[in-house]
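Reader: I would like to learn how to read sheets, domains, interfaces and backbone exceptions in a model of this kind. Could we take the features in turn, with the general idea before the case?

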Amino acid sequence: MPDLGTLLRVIDYSKCMGCETCEVVCEFLHEQGPYIRLYELWGGVKRPISCFHCSKAPCIEACPTGAMRRDSQGAVYVELSRCIGCMACLYACPFGIPELSEVTKTSVKCDLCRSLRSGGLTPACVAMCPSRAIVLGPPRAVGDEVKRRALARVVQLGESG
Amino acid sequence: MRFAFMCRERPGASHHRVAVVGAGPAGLSATGYLVCRGFEVDVYEKLPIPGGMMTFAIPRHRIPLDSVMEGVEELRDKFGVKFFTSTKVVCGERRDEGDDLAASSADLLKLVEDYDAVLIATGTWRSRRLGIPGDDAKNVVSALEFLLDLHREELGLGSGHLRGFKRVVVIGGGLSAIDAAEESLLNGASEVHLVYRRTIREAPAGEYEVRRLIRLGVNWVELAAPQSIVVENGVARGAVFQRMKLGEPDETGRPRPIPIPGSEFEIEADLVVSAIGEIPTPPIASECGGLGKYVGRDGRILADRSLRVSGTNVFAAGDVVTGPSRIGQAVRQGLQAAREVDRALSLKVLVAR
């Protein structure tokens with residue numbers, strides 16, 4: 001995989017409308033997926049959650065076989081051939097992200113679409129979100145975009161400027 | 001939206017040609033899949049701009065226009081997809097909402113003959129009617145008609161005659177009702193009533209969305225069903241509602257609203273918007289060479305498990321198969337149907353017509 005620098009993915013919940021497109025395209029690509037899932041919060045509101053690809057990922061620390069790894073772009077992924085399915089990663093994860101696949105008998109999780117990225121493509125959830133609610137890029141650029149959006153919500157300019 | 005999210009460019013061109021009818025989320029997702037599998041795809045769309053409900057009905061604050069357009073332009077410019085816009089595909093005669101924006105028509109059976117496969121994704125462009133006295137007054141419109149009118153004006157496609165009403169009453173409890181009520185407020189209405197026959201707990205849009213609109217200033221009226229429209233000289237001046245109470249669960253599992261006799265009341269309005277559901281609009285309006293029997297009584301296309309109309313080279317996906325749903329479900333069906341088209345054409349198991 002070409003080293004394109006670290007990637008950060010942030011879900012902008014102020015833009016998300018709960019349409020399920022991210023979950024659908026993820027499930028279409030990944031047989032053991034989806035690795036981004038919507039859950040109902042309250043009153044019919046559904047929102048997605050997926051791996052945060054933590055910079056100091058506890059799942060990598062907890063993995064006894066070295067199966068939980070980080071690729072050159074910062075995505076945390078499971079090397080299936082090394083995983084024993086002990087789910088120590090799930091215990092370590094503050095967000096309950098890793099899942100046990102009954103098919104592969106391993107931990108499975110979002111890898112930011114490694115196969116698409118290796119071909120120079122964008123993770124499917126990011127590419128297909130109608131609301132542009134999933135922001136991906138170098139941390140600096142993602143931070144700028146998210147702050148720009150927050151600013152636009154706080155400072156609402158009228159049409160006359 | 002990168003509808004061709006699975007590839008960077010179209011792989012070595014296939015000699016198979018596919019027609020996609022309807023450029024909403026299902027049709028465009030299917031197109032993205034098919035071009036990544038090398039197919040030559042022509043997209044037929046009755047409206048002048050692709051995107052379906054995403055372009056013409058859903059409020060912009062939910063989906064920015066350029067999010068849809070950049071995906072459409074990529075399909076067109078990079079993947080060679082031909083878009084035949086303002087072209088209504090139909091077999092037989094039918095009129096649906098938005099049809100006045102179509103400039104020409106194409107015969108579905110001709111497409112079935114000309115292409116190796118046809119994928120129908122025409123959505124739900126017809127609204128349920130209130131079916132009460134006075135509902136034919138000119139300022140009684142469906143949510144779809146209302147939202148379409150605001151969107152087409154914004155897109156420079158004329159009309160906008162439904163903008164600027166001061167007192168609006170919206171009837172219904174789904175997302176169309178929410179969107180119509182919110183757009184009314186955003187367009188300067190001073191008084192917006194949202195009336196639903198059950199309670200906030202049963203509203204299909206969900207309690208959160210209803211409460212959000214109440215915070216924005218919408219007057220939520222629950223347990224009330226429309227009885228008649230008050231009409232003077234062909235113009236609606238308001239609507240009469242009857243109070244309801246909840247009874248035993250009906251066939252949908254929700255408590256049945258039961259009218260309370262003598263509880264009628266009136267809400268004055270300059271515009272009445274009915275948002276009581278949209279129904280599928282397949283491009284099949286007659287016997288249509290045997291296709292007619294695959295349209296259900298509710299208008300849905302009765303496709304088989306592989307989203308194919310049995311024994312034909314016609315496939316179907318999205319709301320025209322499922323009835324109104326969320327964008328994600330339309331995308332799912334579009335991708336699934338496209339994969340089935342791919343399988344069918346790759347295996348050359350198409351039944352000769």
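**Sheets, contacts and backbone**

Author: Let us begin with a helix against a sheet: helix 9 (residues 327–347) of chain B lies across strand 1, strand 6 (117–120) and strand 19 of chain B, and runs at about 170° to strand 6 of chain B. Helices (H or I, at least four residues) and strands (E, at least two) are DSSP runs, numbered from the N terminus. Residues are in contact if their C-beta atoms, placed from the backbone, lie within 7 Å, while axes are lines fitted to C-alpha atoms, for helices over the stretch in contact, with angles from 0 to 180 degrees between N-to-C directions. The model is predicted, so that local features need pLDDT of at least 70 and side-chain atom pairs count only at pLDDT 80 or more, whereas totals for chains, interfaces and linings use all residues. Residues are numbered from 1 along each chain as its sequence is written, and chains are lettered from A and ligands numbered from 1 in the order in which they are written.

Reader: In what order do the five strands of the open sheet that includes strand 19 of chain B stand?

Author: Strands pair if DSSP finds at least two bridges between them. In chain B the order is 3-2-1-6-19, with parallel pairing. Strand 3 (82–84) and strand 19 (314–316) of chain B stand at the edges, and because each has a single partner strand, one side of each is left without a neighbour in the sheet. From one strand to the next, the twist averages 20°. As an example of the pairing, strand 1 (residues 17–21) and strand 2 (residues 40–44) of chain B run parallel and are joined by five bridges, with Glu40(B) in strand 2 as the bridge partner of Arg17(B).

Reader: What is the strand order in the open sheet of chain B that contains strand 8?

Author: That sheet has five strands in the order 8-16-9-10-11, again with parallel pairing. Its edge strands, strand 8 (140–142) and strand 11 (219–222) of chain B, each pair on one side only, and the twist averages 20° from one strand to the next. Four bridges join strand 9 (residues 167–171) to strand 16 (residues 271–274) of chain B, which run parallel; among the residues concerned, Val168(B) has Leu271(B) as its bridge partner in strand 16. Helix 5 (residues 143–154) of chain B lies across strand 8 and strand 16, at about 85° to strand 8 of chain B. Helix 6 (residues 175–186) of chain B packs on the sheet as well, touching strand 9, strand 10 (191–196) and strand 16, and its direction makes about 170° with that of strand 10 of chain B.

Reader: Into which domains is chain B divided?

Author: Domain bounds come from an automatic or database domain assignment. Here domain 1 covers 17–125 + 278–347 and domain 2 covers 129–274 of chain B, and their C-alpha centres lie 30 Å apart. The contact between them takes 10 residues from domain 1 and 13 residues from domain 2 of chain B.

Reader: How many residues does each chain give to the contact between chain A and chain B?

Author: Chain A gives 22 residues and chain B gives 23 residues. On the side of chain A, the elements that give two or more residues are helix 1 (21–29) and helix 5 (124–128) of chain A, and the largest share, five residues, comes from helix 1 of chain A.

Reader: Where in chain A does a cis peptide bond or a positive phi appear?

Author: Most residues other than glycine have a negative phi, and most peptide bonds are trans. The bond from Gly33(A) to Pro34(A) is cis, with omega near 5°, and Pro34(A) sits in the loop between helix 1 and strand 2 (36–42) of chain A. Phi is positive in Lys105(A), near 55°, and in Leu112(A), near 50°.

Reader: Are Lys105(A) and Leu112(A) buried or exposed?

Author: A residue is buried if 20 or more other C-beta atoms, placed from the backbone, lie within 10 Å of its own, exposed if 12 or fewer, and partly exposed in between. Lys105(A) has 11 such atoms and is therefore exposed, whereas Leu112(A) has 24 and is therefore buried.

Technical notes
Two residues are in contact if their C-beta atoms, placed from the backbone, lie within 7 Å.
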